[in-house]
Amino acid sequence: MGIDDTDSPDGMCTTYLATTIINELKMNKIDIVGFPRLIRLNPFARFKTRGNGAVSFKIYLDNDISIDLIKKIVISNVEKLSMMDHENTNPGVVFYKGELNKKIENYSFKAIYSIITIKEAEKFVNEIGAEIHKFKKGRGIIGSLAAIGCPLKDHTYELIGYRKKENFGVKRTINYDSVVLMNKKTYPKTFENIDNNYIAIEPRTPCPVLYGIRGEDPEILKTAKNFLKVNEEMDTFTIFKTNQHTDMHLQKIDKIDKMEKYGSYIVNGTIIDNPHVIGGGHVFFKVSDESGEIEVGAYEPTKDFRKTIKKLIKGDQVQLFGGIGCNGTFNLEKIKILFLNKKQILKNPKCHCGKTMTSAGLKKGFKCKNCGFKLPNGEKIAIIEDRELIENSYYETPTSARRHLSKPLIRMKE
Ligand code: ATP
């Protein structure tokens, strides 16, 4: 079954709702198979609350298990816990009985790569014979079905710890030093833990989540959890299998003009203007190939990543990783330098005494302030400047600005 669209910026979290359901099923002696799954869908979906995540889990049905009881537990919890009062909370639940197939898998990819309407999702649900439960507009069925069908060839895990109800909305007090120690002991098998002084495992919203630790396998997550010190008792925790940090949203594409709005891609091109800063510190540049050109943005939240981007120049060839938002700009998540153009700068000549000469005035050449030597016909000297960037290297946005789906370089095997 899949569940989505139960939360709002004011509270709740679909993973918490799933945890509550799974625990109630357990109390009724019904166990889920394997790990529940947290599936991140298109990061550009319009009605997402935060990270566009949906949840799914599976139960093997045998004669002793009552499907009606399972459905009752799921539906009643969605009804009870969803943030129904919020305009943009439109929960949807999908129950699918049977084997998954390529068609359902393709639907899931569509939900990651592009935009799906409620009508389209509903039509597809009917085609495959699944059962839907819509609450209000029921938009959640789009993500619920995608979470059921999403294949997880590459995957990671997230251990999500939940707060006791009385602490919902209260400021979290995760001990910074304990996160540093946890990171030291478990990175890179866990990742996205900390970014300078920013505790990345801690949400900044009033949701029931105390923290989320992300990593390569469930065991390392449990080890990591034991290092953490928090000034409140945790209610419960669940480990989710997830497509987070797999780059599953990126489609490799050979032409810039084939890219579409709200899609995420890996594409090659040549920089056609030097990066420049606009507005609140966003850095933009244009990239082209024989099919067309696109504006690329490294936005202010990407912090020091922008310093790297500013070092690029016209003529550099790059591979871009990211997606196209509503304004048509390519939001950069990481970049690979394929070729560095020569950066030539013109410098004043050096005097034989060792000092750099200064201009002697318009068309009067250069003079040395140290020894008085003059070069009336002297010209500026062309120098090839060190580029600081390295060809065939990748550069990425910092943890604090990373998308849930973005694969950090530490996970990239090439
Ligand atoms: P959180 O990360 O806190 O769980 P969220 O960001 O996942 O919240 P939701 O409240 O789940 O946000 O809302 C996302 C909505 O967008 C859901 O209704 C989901 O069905 C829908 N959705 C997901 N993917 C797509 C898509 N590709 N096209 C259109 N709608 C989508």
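**A predicted 414-residue model, from surface to helix α4**

The accessible surface of the protein comes to about 20800 Å², and 50% of that area belongs to carbon and sulfur atoms. Areas here come from the Shrake-Rupley method with a 1.4 Å probe, and for residues only the protein chains shown count as cover. This is a predicted model, in which local features need pLDDT of at least 70 and side-chain atom pairs count only at pLDDT 80 or more, while totals for chains, interfaces and linings use all residues. Residues are numbered from 1 along each chain as its sequence is written, and side-chain values use heavy atoms, with hydrogens and water left out.

Taken along the principal axes, the C-alpha atoms fill a box of roughly 100 × 50 × 40 Å. The secondary structure comes to 8 helices and 24 strands; these are DSSP runs numbered from the N terminus, with helices being H or I of at least four residues and strands E of at least two. Of the 414 residues, 50% are buried, where buried means under 20% relative accessible area, exposed over 50%, and partly exposed in between (1.4 Å probe, protein chains only). Among contacts (heavy atoms within 4.5 Å) with a separation of 6 or more, 68% are between residues 24 or more positions apart.

The protein has 66 positive and 51 negative side chains, and the centres of the two sets lie 7 Å apart. Lys and Arg count as positive and Asp and Glu as negative, with His and the chain ends not counted; each charge is placed at NZ of Lys, CZ of Arg, CG of Asp or CD of Glu.

Helix α4 spans residues 118–128, and its buried residues are Ile118, Ala121, Phe124, Val125 and Ile128. These residues are on the same side of α4 because they cover an arc of only 130° around the axis, the arc being that of the directions from the helix axis to the C-beta atoms. They pack against α3 (102–113), β5 (131–134) and α5 (140–149). On the other side of α4, Lys119, Lys123 and Asn126 are exposed. Just after the helix, Gly129 takes a positive phi of about 75°.

Why are there 0 disulfides? A disulfide requires a pair of cysteine sulfur atoms within 2.5 Å. The sulfur of Cys150 is 18 Å from the closest cysteine sulfur, in Cys13, which is too far for a bond. Cys150 is buried, at 2% relative accessibility. For Cys371, the closest cysteine sulfur is in Cys351 at 3.5 Å, also too far for a bond. Cys371 is partly exposed, at 41% relative accessibility.
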